[in-house]
Amino acid sequence: MNMQKTINDISLLGGHPALDFVNTVDSRGERWGPDFLNSYDDLVAWARRLDLIDNKERDILLFKAGKSASAAADELGRAKELREALCRLFLSEVDESPISQDDLDLVADMARRSQSQQTLSRIAGNIEWRRADAKDLDTICNRVAQSAAELLTSQNGRRPVRACQGPNCGWLFLDQSRGGHRRWCSDKTCGSHARVRKFRAVQAD
């Protein structure tokens, strides 16, 4: 019997936290879903997997979420709003579709909150930006937005974002392939399924 995947075991194939965040929906292809962000705890678990928070911050956020279920639910809704805005923004890079200023403003507002919580510190002999410890439920969204903004603004100096061409996928990823023509989020899953479909179609002719 196959166990349904959860936020703790979904693949991280995007090559960047912002893209893996968009990919917390299982399929954006011919069908939509299921959604792996079903609670604020799921959001925290995902952020810990991506090292956007550490163990201490995870415990703080889970404690705060447990103290106010309504606030945690509101923040989960905010996270999904950010996720869909990022999906649209990165897809505009894939298919050159128009960009929504509302989506850009949403990302910018959250990114600014994350940046405002950073301080300059001396670390291992170097002066670096250091983020403040997580204190509020919106920490994860703000950090995702800052990471996404950095990716969005670096388009001319990085590899392109692609959308998996699997009919039941649509996951986003940075194309790090040598030729720059990667088609699948994973050759072992979507790529393999596509080859099987093609073989069966040839056999049926």
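Buried means under 20% relative accessible area, while exposed means over 50% and partly exposed covers what lies in between. Keep that handy for the exercises below, and remember that this is a predicted model.

**Exercise 1. Find Ser92 and decide whether it is buried or exposed.**

Start with the address: Ser92 is in helix α4, which spans residues 69–95. Next, take its relative accessibility, 7%. The cut-off for buried is under 20%, so Ser92 counts as buried at 7%. Finally, look at what it touches. Skipping neighbours within four places in sequence, the contacts of Ser92 are Ser97, Pro98 and Ile99.

**Exercise 2. Work out how α4 and α5 are packed: at what angle do their axes cross, and which residues meet?**

A quick reminder of the approach: two packed helices are described by the angle between their axes and the distance between the axes. Here, the axes of α4 and α5 (residues 101–116) come within 9 Å and cross at roughly 125°. That angle makes α4 oblique to α5. As for handedness, α4 passes α5 in a left-handed crossing.

Now go through the residues. From α4 you have Arg78, Glu81, Leu82, Ala85, Leu86, Arg88 and Leu89. They meet Asp103, Leu104, Leu106, Val107, Met110 and Arg113 of α5. Sort the residues of this contact by type and you get 8 nonpolar, no polar and 5 charged.

**Exercise 3. Describe the pairing of β1 and β2: how many bridges join them, and which residue is the partner of Ser121?**

First the strands: β1 covers residues 118–123 and β2 covers residues 126–131. They run antiparallel, joined by 6 bridges. Then pick out pairs. Ser121 has Glu128 in β2 as its bridge partner, and Gln118 stands opposite Arg131 in β2. Last, check the link: β1 and β2 form a hairpin with 2 residues between them. Ala124, in the turn, has a positive phi of about 50°.

**Exercise 4. Say how many residues of α2 are buried, and what they pack against.**

Helix α2 runs over residues 40–49, and 7 of its 10 residues are buried, so it is mostly covered. The buried ones are Tyr40, Asp42, Leu43, Val44, Ala45, Trp46 and Ala47. What do the buried residues of α2 pack against? Four helices show up: α1 (17–22), α3 (55–67), α4 and α6 (139–152). Just past the helix, α2 is followed by Asp51, whose phi is positive, near 60°.

**Exercise 5. Compare the surroundings of Arg130 and Ala149, starting with where each one sits.**

Take Arg130. This residue belongs to strand β2, and at 46% relative accessibility it counts as partly exposed. Leaving aside neighbours within four places in sequence, Arg130 is in contact with Gln117, Gln118, Thr119, Ser121 and Ile123.

Move on to Ala149, which is in helix α6. Its relative accessible area is 23%, which means Ala149 is partly exposed too. Not counting residues up to four places away in sequence, Ala149 touches Val107 and Ala111.

Now for the distances, C-alpha to C-alpha. Arg130 and Ala149 are 19 residues apart in sequence and 18 Å apart in space. Ala149 and Ala111, by contrast, are 38 residues apart in sequence but 7.0 Å apart in space.

Conventions. Residues are numbered from 1 along each chain as its sequence is written. This is a predicted model: local features need pLDDT of at least 70, side-chain atom pairs count only at pLDDT 80 or more; totals for chains, interfaces and linings use all residues. Side-chain values use heavy atoms; hydrogens and water are left out. Buried means under 20% relative accessible area, exposed over 50%, partly exposed in between (1.4 Å probe, protein chains only). Contact means heavy atoms within 4.5 Å. Axes are lines fitted to C-alpha atoms, for helices over the stretch in contact, and angles run from 0 to 180 degrees between N-to-C directions. Angles under 35 degrees count as roughly parallel, over 145 as roughly antiparallel, 65 to 115 as roughly perpendicular and the rest as oblique. A crossing is left-handed if the near helix is turned anticlockwise from the far one by less than a right angle, and right-handed if clockwise. Ala, Val, Leu, Ile, Met, Phe, Trp, Tyr, Cys and Pro count as nonpolar, Asp, Glu, Lys and Arg as charged, and the others, Gly among them, as polar. Two strands pair if DSSP finds at least two bridges between them.
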